[in-house]
Amino acid sequence: MSTAMDDPDVLAEKKDINENMLGGKKVKIIFVLGGPGSGKGTQCSNIVEHFGFIHLSAGELLRAEINSGSENGTMIDTIIKEGKIVPSEITIKLLQEAIIKGGNDKYIIDGFPRNEENRAVFESVINISPEFVLFFDCSEEEMERRLLGRNQGRSDDNIETIRKRFKVFVESSLPVIEYYESKGMVKKIDATKPAPEVFEDVKAIFAHMA
């Protein structure tokens, strides 16, 4: 016996709702992951310049919300200072709005998904899987050296918070990388090398997407 959910019109409406989570846009998305200080931001800027992607940083979107002075921003600030991960719904909503507003069909999303829940909620809500995951592999010693030396005035660039962030990355983000590795979707780069050498490796991966 058929139900209302089996009705073709109902199914079509449900499909349209999923497809319109990005305002009906058809986009290609690449997730960019790596520990704090692995050089993701620098390489994302290079990818934008050379391959025409729009760069979305989950961290920058969250910081912009903090700087807006909203109640939501105050809550996000407290969570980040404690070295914790912001709830998926908040981050995904910010990403969704940014993609809808963006005038492009190719996006690199930097620092996301931060955990398995992020990944599952994004793919379910936005209804898109990434083309692949770009993983910048870097030792904690090198990342710590870079973070302490960059002096950007960020409230989370102190040794105690940096080490909390490393711990969160290992516990939460590595399972995401392992999930995508099991599907053959991870492209790993040695990020301990100087930035120009790292970008040569990046270019080899993106050459077919110019």
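Me: Which residues does Ser173 touch, leaving out those up to four places away in sequence?
Reply: Keep in mind that this is a predicted model. Ser173 is found in helix α8, and at 3% relative accessibility it counts as buried. Leaving out residues up to four places away in sequence, the ones Ser173 touches are Pro113, Arg114 and Val168.

Me: And α8 again: which residue does Glu171 meet in a salt bridge?
Reply: Look along helix α8, which covers residues 159-182. The partner sits four residues from Glu171, so about one helical turn separates the two. The N to O distance is 2.8 Å, and the partner is Lys167.

Me: What is the order of the strands in the sheet?
Reply: Five strands make up an open sheet, and the pairing is parallel. The edge strands, each pairing on one side only, are β2 (54-57) and β5. Neighbouring strands are turned by 20 degrees against each other on average, direction ignored. Reading across, the order is β2-β3-β1-β4-β5.

Me: Starting from the β2 edge, which residue in β3 is the bridge partner of His55?
Reply: β2 runs parallel to β3 (residues 106-110), and four bridges join them. In β3, the partner of His55 is Ile108.

Me: How many of the five residues of β4 are buried?
Reply: Strand β4 covers residues 133-137. Buried here means under 20% relative accessible area. The strand is largely enclosed by the rest of the structure, because the number of its residues that are buried is four.

Me: What pairs with β4 on the β1 side, and which β4 residue is the bridge partner of Val32?
Reply: β1 and β4 run parallel, with four bridges joining them. In β4, the bridge partner of Val32 is Leu134.

Me: Over on β5, which residue does Phe136 stand opposite?
Reply: β4 and β5 pair in the parallel sense, over five bridges. In β5, the residue opposite Phe136 is Ile189.

Me: Now the annotated binding site: where is Ser38, and is it buried or exposed?
Reply: UniProt, in an unreviewed entry, places a "binding site" feature at several residues, including Ser38 and Lys193. Ser38 sits in the loop between β1 (28-34) and α2 (40-51). Its relative accessible area is 3%, and the cut-off is under 20%. So Ser38 is buried.

Me: Which backbone oxygen does the side chain of Ser38 reach?
Reply: Further along the sequence, Ser38 touches Phe136, Cys138, Met143, Arg146 and Ala191, not counting residues up to four places away. Its side chain also reaches a backbone oxygen at 2.8 Å, and that oxygen belongs to Gly35.

Me: What about Lys193: which residues does it touch, not counting those up to four places away in sequence?
Reply: Lys193 lies in the loop between β5 (186-190) and α9 (195-206). It is partly exposed, with a relative accessible area of 26%. Ser38 has Arg146 among its contacts, and Lys193 touches that residue too. The list for Lys193 is Arg146, Val198 and Asp201.

Me: How far apart are the closest N and O atoms in the salt bridge of Arg145 with Glu142?
Reply: Both residues belong to helix α7 (residues 140-150), and being three residues apart they are separated by about one helical turn. Arg145 is exposed at 53% relative accessible area, whereas Glu142 is buried at 17%. Side chains of opposite charge can pair when their charged atoms come close. For Arg145 and Glu142, the closest N and O atoms are apart by 2.6 Å.

Me: In α9, which residue meets Lys203 in a salt bridge?
Reply: The two are three residues apart in helix α9, so about one helical turn lies between them. Lys203 counts as partly exposed at 29% relative accessibility, and its partner is partly exposed as well, at 46%. The N to O distance is 3.0 Å, and the partner is Glu200.

Me: Which residues are linked with Arg119 in a network of salt bridges?
Reply: A search of the whole structure finds twelve salt bridges. One network links Arg119 with Glu116 and Glu123.

Notes. Residues are numbered from 1 along each chain as its sequence is written. This is a predicted model: local features need pLDDT of at least 70, side-chain atom pairs count only at pLDDT 80 or more; totals for chains, interfaces and linings use all residues. Side-chain values use heavy atoms; hydrogens and water are left out. UniProt positions are given in the numbering used here, feature names are shortened, and annotations may be inferred rather than shown by experiment. Buried means under 20% relative accessible area, exposed over 50%, partly exposed in between (1.4 Å probe, protein chains only). Contact means heavy atoms within 4.5 Å. A polar contact is a pair of N or O atoms within 3.5 Å; within protein, one must be able to donate a hydrogen and the other to accept it, and residues adjacent in sequence count only if both atoms are side-chain atoms. Two strands pair if DSSP finds at least two bridges between them. Axes are lines fitted to C-alpha atoms, for helices over the stretch in contact, and angles run from 0 to 180 degrees between N-to-C directions. A salt bridge is a side-chain nitrogen of Lys or Arg within 4 Å of a carboxyl oxygen of Asp or Glu.
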